[in-house]
Amino acid sequence: MREFKKSSKLDNVLYDVRGPVVEEADRMIARGIEVLKLNIGNPAPFGFHAPEEVISDMADNLRESEGYSNSKGVWAARKAIMQYAQNLNIPNLSMDDIYTGNGASELINLAMSALLDDGDEILIPAPDYPLWTACATLAGGKVVHYICDEQSEWNPDLDDMEKKINDRTKAIVIINPNNPTGAVYPRDLLERIVEIARRHQLIIFSDEIYDRLLMDGYQHTSIASLAPDLFCVTFSGLSKSHMIAGFRIGWMVLSGNKDMARDYIEGIKMLSSMRLCSNVPAQSIVQTALGGTQSVKGYVNETGRVTRQRDFIYKRINEIPGLSVVKPKAAFYCFPKIDVEKFNIHDDMQFAYDLLKKEHVLLVQGTGFNWIAPDHFRIVYLPRRSVLGEACDKIEDFLSTYQQV
Ligand code: PLP
């Protein structure tokens, strides 16, 4: 019998967020076992819903959304995105620089494919949102991870970043606000990252999909606003800010010194045209979502549901012997540290698997985010407080006797 194997291009691609633990959870759920899922940043199943106007505007526009659009997107959506970027002080923009995508995900893949030749290096944070590492690797790039430092509120370690740059390095990726740590980078740190990029003439890719989900009055600075002389690409979308992850709408904004990237931009245009266009019904609500008062800000203000759940998880995790966590400032994730010596943990996927089997709680192990040691895991704190409380009680019970063999 002929056997079909996956492309060898996928052989080195790291993407552990799905994988044996999630597959086992799916089997358990199929057998009727209730699993507490703290593993995926998908707001809708946890009772977070899009603003009504977003839904009704999409319905009203369906008839006009039947055909392909311009490959970068419809004019009104791109204008709204451009104005949003202008309000972030992103410099040197024209309508040509705005691309819509089926989520930021599609554009991350496109941006990596258009740039990287075999062996080109790109700096990506550890921990990261693992799609970045996967797409850069699939494109033939060599991913070099720079460390984000838990002792310094998970900010990037700039010495580590700079010492990993060499002649083959083409770009730095930052994820700000950050998944999985919930960090928000202060302006002076971003200025120092720009200085590094400037010294080595690197492209800056900034994933800012959580920029409207800030808590405690933190301010977000878009790094592209600090780098008018460099070529920057800023990614965002409505999946998280408007709780419509399933609608698939994101964007990418090219800014700053576009002369540096003339040929690269040609490559981006080619790939953008090859996928014809992004989902047109979802483009039709970008103006509604960005232009008016429609937002989910209420979830992240002082008394908002996301903030209260964040406060709960932060306190409760720090109460569990052997665990500690830095307080997240944005998004809906935290990245607790495990005292691996106490529990003899040497394999964090095994830890996640054992927890799932014994307590029916599903988490993603830290190495799934390209973290460097088996001593962290990520919690998505979107579920209601009662569910988070139950999950934390189970984690505490589990750890009270756990010793990895
Ligand atoms: N970037 C980060 C940091 C994310 O956490 C996610 C989704 O979780 C994405 C990008 C993908 O977003 P989209 O739904 O727009 O594809």
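## A walk from a cis proline to the ligand pocket

Pro-177 sits in the loop between strand S6 (169-175) and helix H7 (187-200). This is a predicted model. The peptide bond that leads into this proline, from Asn-176 to Pro-177, is cis. Its omega is near -5°.

Another cis bond joins Ala-126 to Pro-127. Here omega is near 0°. Pro-127 also belongs to a loop, the one between strand S3 (121-126) and helix H5 (131-138).

A third loop is worth a stop. It runs between helix H3 and strand S2 (98-101), and Asn-92 lies in it. The phi angle of Asn-92 is near 60°. That is a positive value in a residue other than glycine.

Now turn to the ligand. Which residues come closest to the ligand? They are Ala-104, Ser-105, Asp-207, Tyr-210 and Ser-239. In total, 13 residues surround the ligand. Six of the residues in this shell are nonpolar, four are polar and three are charged. Helix H4 (residues 103-115) gives the largest share of the shell, with three residues.

Look next at individual contacts. Ser-105 places a polar side-chain atom 2.5 Å from an oxygen atom of the ligand. Ala-104 takes part through its backbone: a polar backbone atom of Ala-104 is 2.7 Å from a ligand oxygen. Lys-240 uses its side chain, where an N or O atom is 2.8 Å from an oxygen atom of the ligand. How much of the ligand does the protein cover? On its own, the ligand has 400 Å² of accessible area, and the protein covers 94% of that.

The space around the ligand comes next. The ligand takes up the space of the largest pocket. The volume of this pocket is about 620 Å³. Its lining is made of 30 residues. Nearest the centre of the pocket are Tyr-15, Ile-40, Gly-41, Tyr-129 and Lys-240. Lys-240 has already appeared, with its side-chain atom 2.8 Å from a ligand oxygen.

What classes of residue make up the lining of the largest pocket? There are 16 nonpolar residues, seven polar ones and seven charged ones. Helix H1 (20-30) and helix H4 each supply at least two residues of this lining. The largest share, four residues, comes from H4. H4 also gives the largest share of the shell around the ligand.

Leave the pocket for the cavities. The count of cavities of 30 Å³ or more is two. The largest cavity holds about 50 Å³ of space. Which elements each supply at least two residues of its lining? They are helix H3 (75-87), strand S8 (231-237) and strand S9 (250-256).

The residues that line the largest cavity can be followed along the chain. The list starts with Ile-81, Tyr-84, Ala-85, Leu-88 and Ile-90. Glu-208 and Asp-211 also line the cavity. Thr-234, Phe-235 and Ser-236 are part of the lining too. Trp-251 and Val-253 complete the list. By class, eight residues of this lining are nonpolar, two are polar and two are charged.

Technical notes: Residues numbered from 1 in each chain as written. Predicted model: local features only at pLDDT ≥ 70, side-chain atom pairs only at ≥ 80, totals over all residues. Heavy atoms only, no water. Near = heavy atom within 4 Å. Polar contact = N/O pair within 3.5 Å; in protein donor to acceptor, adjacent residues only side chain to side chain. Areas by Shrake-Rupley, 256 points an atom, 1.4 Å probe, with all protein chains shown as cover. 1 Å grid on protein atoms, 1.4 Å probe; cavity = no way out; pocket = protein on both sides within 12 Å on 5 of 7 lines; lining within 4 Å. Sits in = over half its atoms within 2 Å of the grid points. Nonpolar A, V, L, I, M, F, W, Y, C, P; charged D, E, K, R; others polar. Points joined across faces, edges and corners; volume = space filled by probe spheres on them.
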